Protein chains: 4
Amino acid sequence: MAHHILTPTTYHNVLGTLPAALTVASGDTVTTETIDANGWDKHGKKVWTGPNPMNGPIAVAGAEPGDSLRVDILAMQPIRPTGWTRAALAENVVDPDFVTALPPRDRATWTIDGNAGTVTLQDPPAGFALTLPMAPMIGCLGVAPAMGQAISTATSGEYGGNMDYRRLGPGATIWFPVSTLGALFFLGDAHALQGDGEIVGTGIETCFQITFRLSVEKRRLIWPRGQTERDIFTLGNARPLDQALQHATTEMTRWLEQDYGLDIRAAGHLMGQAVRYDIGNVFDPAYTVACRLPRALLAGYSAA
Amino acid sequence: MAHHILTPTTYHNVLGTLPAALTVASGDTVTTETIDANGWDKHGKKVWTGPNPMNGPIAVAGAEPGDSLRVDILAMQPIRPTGWTRAALAENVVDPDFVTALPPRDRATWTIDGNAGTVTLQDPPAGFALTLPMAPMIGCLGVAPAMGQAISTATSGEYGGNMDYRRLGPGATIWFPVSTLGALFFLGDAHALQGDGEIVGTGIETCFQITFRLSVEKRRLIWPRGQTERDIFTLGNARPLDQALQHATTEMTRWLEQDYGLDIRAAGHLMGQAVRYDIGNVFDPAYTVACRLPRALLAGYSAA
Amino acid sequence: MAHHILTPTTYHNVLGTLPAALTVASGDTVTTETIDANGWDKHGKKVWTGPNPMNGPIAVAGAEPGDSLRVDILAMQPIRPTGWTRAALAENVVDPDFVTALPPRDRATWTIDGNAGTVTLQDPPAGFALTLPMAPMIGCLGVAPAMGQAISTATSGEYGGNMDYRRLGPGATIWFPVSTLGALFFLGDAHALQGDGEIVGTGIETCFQITFRLSVEKRRLIWPRGQTERDIFTLGNARPLDQALQHATTEMTRWLEQDYGLDIRAAGHLMGQAVRYDIGNVFDPAYTVACRLPRALLAGYSAA
Amino acid sequence: MAHHILTPTTYHNVLGTLPAALTVASGDTVTTETIDANGWDKHGKKVWTGPNPMNGPIAVAGAEPGDSLRVDILAMQPIRPTGWTRAALAENVVDPDFVTALPPRDRATWTIDGNAGTVTLQDPPAGFALTLPMAPMIGCLGVAPAMGQAISTATSGEYGGNMDYRRLGPGATIWFPVSTLGALFFLGDAHALQGDGEIVGTGIETCFQITFRLSVEKRRLIWPRGQTERDIFTLGNARPLDQALQHATTEMTRWLEQDYGLDIRAAGHLMGQAVRYDIGNVFDPAYTVACRLPRALLAGYSAA
């Protein structure tokens, strides 16, 4: 269980089958520093272009197509005292006849106080002030897609990508379906905070030091699955939200059947009365919906 | 502030401009007993047909088009020891090529223990058991729609209707846009519990004694707005979910501007980093999305 | 086979179970004059309010729930020398970030030359002129919806309504599912011309004298079906277009199986390689998609 | 204006920045033979795997990002006497509760008679026969996407790809936005016939000899544009159909403004009353909608 430091010498704007920047063993941990979604680093210097420059890829020895890559997000430390957001709702999240009422999509700056664990909007509109608890998360992470594809970090799919789901922070685990030898894990686009849906088109975009563990598991999945201390969840990425929800709901059903050993009727009863849906993003080319269940309700079940 | 008992002599399967079953003054409270979504009463007798038989309408003296009707849900007491659900996910919430894997949409019965505050699935699949906390809510409620329309209780719109949003339970308040003299309030289809999305096509369908207060307010809204002890929320009803979300997001923006006096850029910052979306239902002809914000963040703001 | 003249004394902005303005026998013909979508009559006088004032309803003796009402559109004669349109694309048919580029939704006037069979834009933008062939159609027509509903003429459903499908002109036949005694047929909102999708939110809105035949048939349908000299078609009304298309495609499959006696695999082969889809409207609350097949391909098949 | 023969030595299942199989000058013509969507060649031998193996890429000297690549489809000759289709509608084009009524998605074989210009279903269901006119088209064609992406030939985007639009046959022209040096043109997945929407998931899949001309033009576009002898059209690729239609409609507006010199109000009038929409496919991960106008209506307009 080695620990590695990944210091990027280049970044990527696609997730694809690219040369590994680092190769690790299953179970190893890695620490790396990410730059922000537009390529500004922790010193405020533009070192790459957007969208969402990725660190990696990291190959995990032994990972093969049909496996899953487990990513445990162990720690996230902000490494820049400021982040930025857009000041206006995105055009696609309001009624079409309300679009002309939206203000310009100006950039706003936020102070990030890592010790206090807060973010504060700088230069707010008159009469307004906003300080919120920091809640770090990774906006874009995933593995190389199938068939040798290389796909923009603006979007997402079965392989993960730009899902912008706020629960993907410290303490969370996420599994991706492996499509290529070594899995090839990428990450970046971390946020100090983000509301559901990323409806201004950004979270609070900044730089983080991130530590995570990568492990190979022999479990076949179609869409990403994850867990927090309290919940398990599946992620579907598509448009419209309806289809993203269908993907996530179907994957959760498969998970309950295959790994928890539930009869499909039992899965239906449980999901029907206890499921929660979260909207990861409703801004990117593919939207993201999470289908979530409390782990407490699954305590007694296990497939094997 | 009188208190009324509404004992239905008939039910309705539409929300429309129908003769008032009761007329109250603004601020009055009403207690009524609802039957379940398929028309079974508290004795288990089929007294009406589905979908979602409504109690009402209740006219509120003085309510005029352009006003809003405020409904405070004060108490909900289950009055039947059982409720029912469907055993299978609805076809429209899974991937189209997974539909054939779904089990039959059989009806299942649940024991409702009002004292313990629990619901328990009867005759579960082998090796499975499920007891969950009760969380009463009103599935279908709203006012007469505009233009003399009468619309099925299967669906929803600006006037409310079959929104199946799980936060519409005791302690919640909801405002509807008034379109006709007296507003004409309807309610029914109460659930002992329901997951997000009502993805088996039902909550735990049963009968409740419900007490609520009706008040007229001089505030123009387009979509329903509500609040709980912790949050405010707006509701959009449409398909796909994307459009329901657009309606709810637009209405929240209007609310923050008009009632809380926020600049639209301030509203954008607040919503962008703090908003939560809930999916009410993803089963009915119109889906329902809630756009939600913590009231604590709005403590300092007020339009007037 | 009597012929009737229906001279409206009132109009309706909903399709619902309203008192019949006229009762006819199955097979009778009717001539009536419609006013335009905003309630201007053939003299240019505002006699009713929008949306889409309806003539009717016309009861057809003997029509019962489960039957279908066949409407043959026999003739449409424009009775006002002008029509009007909007000058700009609707906000919802362009990319959300293009909405601010749209011009104001001003009203434009067109000259209608019934003898020449042309429409000509008055006061066009500089350097532009536009004369097009007239192609009359009925924008909104249908029967009373099920369950005593009364639904705005702005939208559409299984009962028909505001479908804005350009093939519903002289020579076309359309069948509606009957939900109430007498069927209760409504019509109005005729256009001298309209492009696919009604993407400026209007066709060329004007007044027509319309002659049609109403007949009751003992055939159960779910969505409207129709035919022209060349094609048969089914109509689905919903959002998004994907769902409207699902409704129309499913209804066509049922039609081919039930009335033409095709095996479902035969229906699949025929539709797969020969189907055409038309977009009726992509502007109203429910969008309309037509699923269409050439009658020549069905010449040899008949269920009974 | 040289003529080239491209004899593939390999095929590709992505459109991406791959080594050119051939480099031509702007204006040159190319003839090549394509294999079918599943990789069977003209001898019925499986020589590659699906989805949609591509010939190419062909680099066009001088093509630069920001240009457009014009592709004139000059001739398509079927080179195999059979093609295949699926026998059942795809699950996603029917109502979710109709999915279980669909037959198995068996493969069916069709006889292709290139001299007669017909296709005939082999072994049809009892009592059914189907011969249709052949109408060759290219299902998947396009250029390397932006940012070094490599995207599956199952889907489509701004760069083209698997659009399955039936008008892309002999005599048609299509322009793609160039994102990389040389443009890198790919093609394959030709059909002897296909209905709108590709609703059985295939056209009549076979092998063709295809001749086309490639030319570089200095015109910036966002989505593919095309023309036939009668019409011009734009193509939008996305889900749901609503968004594909928004892309196509927006691109048509830009085209009318930029190349035909129309005022945006003139463009709105023309499109509003004369536009036609076609559905390319409603089966692939991204759906395709065409926005189409008659060239006759644009005879008098030109930007330059």
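Here are four exercises with worked solutions on this predicted model.

**Exercise 1: chain A on its own**

Work out how chain A is built and whether its radius of gyration agrees with or departs from that of a compact globule.

*Solution.*
- Start with the secondary structure: chain A has 2 helices and 21 strands.
- Next, get a feel for its extent. The C-alpha trace of chain A spans about 60 × 45 × 35 Å along its principal axes.
- Now for the globule check. A compact globule of 304 residues would have a radius of gyration near 19 Å, and chain A comes in at 19 Å, so the two agree.
- Look at burial too: 62% of the 304 residues of chain A count as buried.
- Finish with the contacts. Take those in chain A with a separation of 6 or more; residues 24 or more positions apart make up 73% of them.

**Exercise 2: two domains in chain A**

Find the domains of chain A and describe the side of domain 1 that touches domain 2.

*Solution.*
- The domain assignment puts residues 3–81 + 134–217 of chain A in domain 1 and 225–298 in domain 2.
- Taken over C-alpha atoms, the centres of these two domains of chain A are 22 Å apart.
- Count the contacts next: 19 residues of domain 1 of chain A meet 18 residues of domain 2 of chain A.
- On the domain 1 side, strand E13 (156–157) and strand E15 (173–177) of chain A each supply at least two residues. E15(A) has the largest share, with 3 residues.
- Sort that side of domain 1 of chain A by class and you get 7 nonpolar, 8 polar and 4 charged residues.

**Exercise 3: chain B against chain A**

Identify the relation between chains A and B, then say which element of chain B gives the most to the side that touches chain A.

*Solution.*
- Superpose first. A turn of 180° with a shift of 0.0 Å along the axis lays chain B on chain A with an RMSD of 0.0 Å. That's what a two-fold axis does.
- In chain B, the C-alpha nearest the axis belongs to Leu241(B), at 2.9 Å.
- Now the interface: 50 residues of chain B are in contact with 50 residues of chain A.
- Helix H1 (241–258), helix H2 (264–274) and strand E20 (276–279) of chain B each give two or more residues to this side. H2(B) gives the most, with 10 residues.
- By class, the side of chain B that touches chain A splits into 31 nonpolar, 13 polar and 6 charged residues.
- Last step: 100% of the interface residues of chain B are also interface residues in chain A, so the copies meet through the same surface.

**Exercise 4: helix H2 and Trp255 in chain C**

Decide how enclosed helix H2 of chain C is, and place Trp255(C) in its surroundings.

*Solution.*
- Helix H2 (residues 264–274) of chain C has 8 buried residues out of 11, so the rest of the structure largely encloses it.
- Among the buried ones are Gly268(C), His269(C), Leu270(C) and Met271(C).
- What do they pack against? In chain C, helix H1 (241–258) and strand E21 (287–294); in chain D, strands E7 (82–86), E8 (107–113), E9 (118–121) and E10 (131–133).
- Turn to Trp255(C), which sits in helix H1 of chain C. It has 24 C-beta neighbours inside 10 Å, so it counts as buried.
- Setting aside neighbours within four places in sequence, Trp255(C) is in contact with Arg225(C) and Thr234(C).
- As for Gly268(C), 13 residues away along the chain, its C-alpha is 12 Å from that of Trp255(C).

Key: Residues numbered from 1 in each chain as written. Chains lettered and ligands numbered in written order. Predicted model: local features only at pLDDT ≥ 70, side-chain atom pairs only at ≥ 80, totals over all residues. Buried ≥ 20, exposed ≤ 12 C-beta atoms within 10 Å, placed from the backbone. Helix = DSSP H or I, 4+ residues; strand = E, 2+ residues; numbered from the N terminus. Contact = placed C-beta atoms within 7 Å. Least-squares fit on C-alpha atoms with pLDDT ≥ 70 in both. Nonpolar A, V, L, I, M, F, W, Y, C, P; charged D, E, K, R; others polar. Domains from an automatic or database assignment. Rg over C-alpha atoms; globule rule 2.2 N^0.38 Å.
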